[in-house]
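Please open the structure in your viewer and keep the sequence panel visible beside it. The tour below proceeds by selections, each followed by a short account of what is found there.

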Amino acid sequence: TVLGIVLSQSDRLVLGRLLPLEQLGYYTVAVTLAAAIGRTVGPVITAVFPRLTSTYAAEDGVQMRETYSRSARIVDFVVAPVGVGLALFAYDVLHVCIWSAEVASRAHLSLSLLALGYMLNSMSHLATTVQYAAGKVRLLLIYGIVSLVVFVPLLYLAVTRWGIAGAAGCWLVLNIVSYLVLPALTHRHIFRSSAHEIPALAGLRFVLESLLLLGSARLLGEAIGATAVVNLLLAALATCLYVAIHYWRRRDEVHRALQSLWQARTARLT
């Protein structure tokens, strides 16, 4: 927990010492918006953690992995369009939320990089939760120490050269590595998977689909010279199309899940 706090706050600490307060303000605006992506994961983690713990205690590895895989798909499905959309429409989001063209122009690149970083952070968070549920935090501790030792000097150099965009880029690089390493550690040491398995590929499918749809919306907005509000409406339509496509593919599974939830709710009320 301490390592996580230090890693997540180190960019602002370095920025506060190296750059004017005005630059730190632009960066803080970008972080505040991008960090909202992580809040979408909280309800899933809260719901699934007791199940992961109980299945591990019962030595039911099959059920534990099934719970993890299903929950990871939910997280990836929700987080991918939010992260990609915020990255592609960063200027428009800032302009609409802050109503300042200056803030939008100075902070949108940082917001784009931070959004992708927080997206990958959220997509790898469930793998960390599995290690907590299994009570095996030694690997997480080692990874956190190594990340801190490498990240802070890299952050210092990047901020010195590229300013707030350098700090955001470092955060993205850190989370790219985390997204590749943490799920792999979980599959290797908790689920005893093959060393050739690459769990990160499962989530990238949702990212690519989001990129295709939202990228098309971004290009359409540029082609017609759309305002920030119209661009965000196009992004919303693309996101609705993304949801509709996935619903059509898995409508039977969704219906069963909704039916199960309704039956459980009815049983509690009776």
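Begin by selecting Asp-11, which counts as buried because its relative accessibility is 2%. Add Arg-12 to the selection: the side chains of Arg-12 and Asp-11 meet in a salt bridge, with 3.4 Å from N to O. Arg-12 itself counts as partly exposed, at 21% relative accessibility. Please bear in mind throughout that this is a predicted model.

**The core around Tyr-27**

Keep Asp-11 and Arg-12 displayed and select Tyr-27, which touches both of them. Which other residues does Tyr-27 touch, leaving out those up to four places away in sequence? They are Leu-15, Ser-110, Leu-114, Ile-164, Ala-167 and Ala-168. Tyr-27 belongs to the largest nonpolar core, which has 67 residues, and within that core Tyr-27 and Leu-114 touch the most other members. Now colour helix H6, residues 101–133: this helix supplies the largest share of the core, 14 residues.

**Along helix H6**

Stay on helix H6 and select Ser-110, which is found in this helix. Is Ser-110 buried or exposed? Ser-110 counts as buried, because its relative accessibility is 1%. Show the surroundings of Ser-110: beyond its neighbours within four places in sequence, Ser-110 is in contact with Tyr-27, Ala-30, Ile-164, Ala-165 and Ala-168.

Next, select Arg-106 and Glu-102. Both lie in helix H6, four residues apart, which is about one turn of the helix. Their side chains meet in a salt bridge of 3.4 Å, N to O. Arg-106 is partly exposed, with a relative accessible area of 42%, and Glu-102 is also partly exposed, with 43%.

**A salt bridge between helices H5 and H9**

How many salt bridges does the count come to? The count comes to seven. For another of these pairs, select Asp-92 and Arg-218, whose side chains meet in a salt bridge of 2.9 Å, N to O. Asp-92 lies in helix H5 (residues 90–98) and Arg-218 in helix H9, so this pair ties together parts that are 126 residues apart in sequence. Asp-92 counts as buried, at 4% relative accessibility. Arg-218 is buried as well, with a relative accessible area of 17%. Then add Glu-222 to the selection: Asp-92, Arg-218 and Glu-222 are linked in a network of salt bridges.

**Glu-209 in helix H9**

Helix H9 spans residues 200–224, and Glu-209 lies in it. Select Glu-209, which counts as buried because its relative accessibility is 18%. Which residues is Glu-209 in contact with, leaving aside neighbours within four places in sequence? They are Tyr-242, His-246 and Arg-249. To examine the last of these, show both side chains: that of Glu-209 makes a polar contact with that of Arg-249, at 3.0 Å.

**The cysteines**

A disulfide is a covalent bond between the sulfur atoms of two cysteines. A search of the whole structure finds zero disulfides. Select Cys-240 and Cys-97 to examine one case. The closest cysteine sulfur to that of Cys-240 is in Cys-97, 18 Å away, and this is too far for a bond. Cys-240 counts as exposed, at 52% relative accessibility. Turn then to Cys-170, which counts as buried, at 5% relative accessibility.

**Two loop residues with positive phi**

Most residues other than glycine have a negative phi. Select Glu-59, where phi is positive, near 60°, in a residue other than glycine. Glu-59 is placed in the loop between helix H3 (42–57) and helix H4 (61–88). This residue is exposed, with a relative accessible area of 75%.

Move on to Trp-99, which is not a glycine either and has a positive phi of about 55°. Trp-99 is placed in the loop between H5 and H6, and it is exposed, with a relative accessible area of 63%.

**Confidence along the chain**

Finally, colour the chain by pLDDT. The mean pLDDT of the chain is 88, and 92% of its residues reach 70 or more. Which element has the lowest mean pLDDT, and which the highest? Helix H11 (residues 251–269) has the lowest, 60, and H5 the highest, 94. Where pLDDT is low, the predicted coordinates should not be read in detail.

Terms used. Residues are numbered from 1 along each chain as its sequence is written. This is a predicted model: local features need pLDDT of at least 70, side-chain atom pairs count only at pLDDT 80 or more; totals for chains, interfaces and linings use all residues. Side-chain values use heavy atoms; hydrogens and water are left out. A nonpolar core is a set of buried Ala, Val, Leu, Ile, Met, Phe, Trp, Tyr and Cys residues joined through side-chain atoms within 4.5 Å. Buried means under 20% relative accessible area, exposed over 50%, partly exposed in between (1.4 Å probe, protein chains only). Contact means heavy atoms within 4.5 Å. A polar contact is a pair of N or O atoms within 3.5 Å; within protein, one must be able to donate a hydrogen and the other to accept it, and residues adjacent in sequence count only if both atoms are side-chain atoms. A salt bridge is a side-chain nitrogen of Lys or Arg within 4 Å of a carboxyl oxygen of Asp or Glu. A disulfide is a pair of cysteine sulfur atoms within 2.5 Å. pLDDT is the predictor's confidence in each residue, from 0 to 100.
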